[in-house]
Amino acid sequence: MKYNFNEIEAKWQKFWAEKQTFKAENNSDKPKYYVLDMFPYPSGAGLHVGHPLGYIASDIYARYKRHKGFNVLHPQGYDSFGLPAEQYAIQTGQHPAITTEANIKTYRRQLDQIGFSFDWSREVRTSDPNYYKWTQWIFIQLFNSWYNYDSNKAEAISELIKRFSSEGNVKINAACDDDVIEFSANEWNQFSSEEQQAKLLQYRLTYLAEAEVNWCPALGTVLANDEIVNGVSERGGHPVVRKKMTQWMMRISAYAERLLQGLETIDWTDALKESQRNWIGKSVGASVTFNVKDHDAKIEVFTTRPDTIFGASFMTLAPEHDLVAKITTSEQKEEVDAYIEATAKRSERERMADVKTISGAFTGAYAEHPFTKEPIPVWIGDYVLAGYGTGAVMSVPCGDQRDYDFAKHFNISIPNIFEGVDISEEAFADKEKTVIGNSDFLNGLNYKKATKRAIYELEQLGQGEGKTNYRLRDAVFSRQRYWGEPFPVYYINGMPQMIADEHLPLRLPEVEKYLPTETGEPPLGNATVWAWNTETNSVVENEEIDHKSTFPLELNTMPGWAGSSQYFNRYMDPMNDKEIFSKDAIDYWQQVDLYIGGSEHATGHLLYARFWQKFMFDMGLVPVDEFAKKLINQGMILGTSAFVYRIEGENKFISKNLIENQNVQEIHADVSFVNASDELDIEAFKKWRPEYKDAEFICENDGTYKVKRDVEKMSKSKYNVVNPDAICERYGADSLRMYEMFLGPLEQYKPWNTAGITGVHSFLKKLWKLYFDDNGLKVSDVEPTKDNLKTLHKTIKKVEEDIENFSFNTSVSTFMIAVNELTAQKCSSKDILEPLAVLISPYAPHIAEELWEALGHNKSISTVVFPKFDERHLVESSKNYPISFNGKMRFTIELPLDMSKEEIEAAVLNDEKTKEQLQGREPKKVIVVPGKIVNIVG
């Protein structure tokens, strides 16, 4: 009976869908286990073979947990808001919803054909109004909350209003804007409504602010730092500039310490946790205030080295710092303006990474040293970032290499404040060996004592205090695009008002054009029906805006990370239209037990999701303040690209081995045009692009054109994508699943090689032949042999250990060994082959289901109890002893392991083969090592 994998896989995929085999219940007597993949953005290109890697791993684990008796939640959905669909809409006029729906259909078909055990009854899509209703709802909760440092949690804004009314804000220990002005209860009560709202915005957890943002003119939107690569947009490679815009912000900085501490309580990879620690960037030091000479202005800096304050010989402000325009002298204005303009073209990440370029401009202004009262020149430099700390640094060139290089470059003085240290060649930054000199009252003190004394003296002057600082900045939460969640916000006299919960969702309006308006407003500015009527509580036409009962709605939309910051909780109760999830559902599922996804989300989605979870915990909405107990970052399956060489300035291509001294340009060629011998199908290549139609090819002596091969990221733009549809058609989904696991450890990067899948496919055919021959099923009730049982139980032991340790690649090898051994043993015992089918079902579920049914079962294999390991079957009762004569092994004898040394010697000497070797001679010595060897010295 032949292994018809295409028929088998289609049959069981249909069965699972119709029977809803993998539907999880929100109440069960079984223990719960929640396995989650980072949900995909449904791109137009569909899946390539690299995408399912993490999904296959999580599916193996989810299936395994079902076998182990767990009620498993393994949902899937789509992160379906995104720039690509919007860019396509701009180019074609097609609504992003239509594009997205078509893409989702492709994704769903591809995911189904790989045999994932997803609970599709819980599918969510971030672009579905029934889903983003709850994203809008959480935004409103954040708007109506503030962070109380005394209780160390978020609280209702109504409580803050009560305190303002009774005591003002002087004693309020809250996360708030830096420029908050103190007011009394009496002053608060006399403020107008708009003034009170403006004050509250300085405390709310989501708020409006003028912020330095990454603006991409070509895309017409603000980009997050993680959406920029090498100074250009990740999507499309467009230039990005820094500019100030009024944006919605998330006060994630309030949670900086808790986000740090929480990392100690979760089982995430060390590398990912370190990425978040560095991004949060905790540092302990002092806040120091410098007065600006001849100006009513102050420069506040944060320094981790207040002990070096007497070494400050200049100050450096970020080019975007608010003070720059105020303090720059007329003589320096032209130079400063030019420098600011040049800096705006570089992203923050690019500026941080560039440690070689030294640039800056002198403002012409001077600050006053807090202790010496000496003037200190104020410069601007792009190595200082407005978004980090205060956007200003106290530059101590003798103790900081970047300041040292800057001072050397611009010929600024470098006073030495370290005793016994030579700074003629470089700065001295070893805190532990520091002894301060030339620093008045700090002379002779070490780092710790000098730091403590400097802070004390600054506090006495009223020009500083000890402080803990974090690199983590508040997150920009606005995007100037159409295809995103609308803010549930309208404006009265310029102040934001929230739409009441019962009127959510606020749906995206129809627009004629998806580009910004001619006056520079976001795409929602093109909508003609985009105003809020407070009497009817509905969206009405813009022309009805009268600022009495009808008001303008927010024109920005939420960023890509909004919908992904709570989707894991929504899966627990996705059809609930009354609340984000029921208390019963969240109390039962609690949190994600296993989360699998890419490490590239470390400082984006994974940080924002932790922030939202902690906020929801503070509000009593969730029972735990970390959303994922364990997280694994899968590696990446790389593509093997093909390159052709075009001679510079000519439409002529030269084969790889003939290049020599030619000036050539490397060009990606579609890998489908290249065979296993790296030979290009020249005619196919010529037909690929019009510009190559008449190209000449300089070939090898045998007439072939050889391409260069290189391993790199699998990507449509590199023409090295392998489509899983073709693999499933030719080899089957079970072969694809097992091959992806077989490629190497889950966390590593590994190259794809289609030729390699044939080995796994052959293995599955060999597995099939254990159960079937030409006459049909050959499994019988025959008693298993000792060898059969040994093979089975060592396989059970190894596979269970491998799954628990996520070492899926070694499991595949174990299966291959087991099938080879059972084949050699001619095993047909049902007692062996039945548990073997269960063992392999997490990896190759289609063939396992078919084998299980053939063995007489009418229910899915998916919840059958996982085979139990019995170590008795691995205990050896006998030993095949190698028998050596004068150190050379001549034959083997099988003897019981419980024989004594004397019994072993007697049995060997009495054996006919021994007598034949000795030919009547008496051995001089017999060396016996029980359980290992016998050596006869003749």
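This is a short tour of a predicted model, from the whole chain down to one sheet. Local features need pLDDT of at least 70, side-chain atom pairs count only at pLDDT 80 or more, and totals for chains, interfaces and linings use all residues. Residues are numbered from 1 along each chain as its sequence is written, and side-chain values use heavy atoms, with hydrogens and water left out.

**Whole chain**

Start zoomed out. Along its principal axes, the C-alpha trace spans about 115 × 75 × 70 Å. Switch to cartoon and you have 28 helices and 36 strands to look through; these are DSSP runs numbered from the N terminus, with helices being H or I of at least four residues and strands E of at least two.

Now colour by burial. Of the chain's 938 residues, 54% count as buried, meaning under 20% relative accessible area with a 1.4 Å probe, protein chains only.

**The four-stranded sheet**

Next, select strands 6, 5, 9 and 17. They form an open sheet in that order, 6-5-9-17, with antiparallel pairing; two strands pair if DSSP finds at least two bridges between them. Look at the edges: strand 6 (221-223) and strand 17 (475-476) each have a single partner strand, so one side of each is left without a neighbour in the sheet.

**Strands 5 and 9**

Which residues should you pick for strand 5 and strand 9? Take 206-216 for strand 5 and 241-250 for strand 9; ten bridges join these antiparallel strands. To finish, click threonine 206 and look across to strand 9, where methionine 250 stands opposite.

Key:
Buried means under 20% relative accessible area, exposed over 50%, partly exposed in between (1.4 Å probe, protein chains only).
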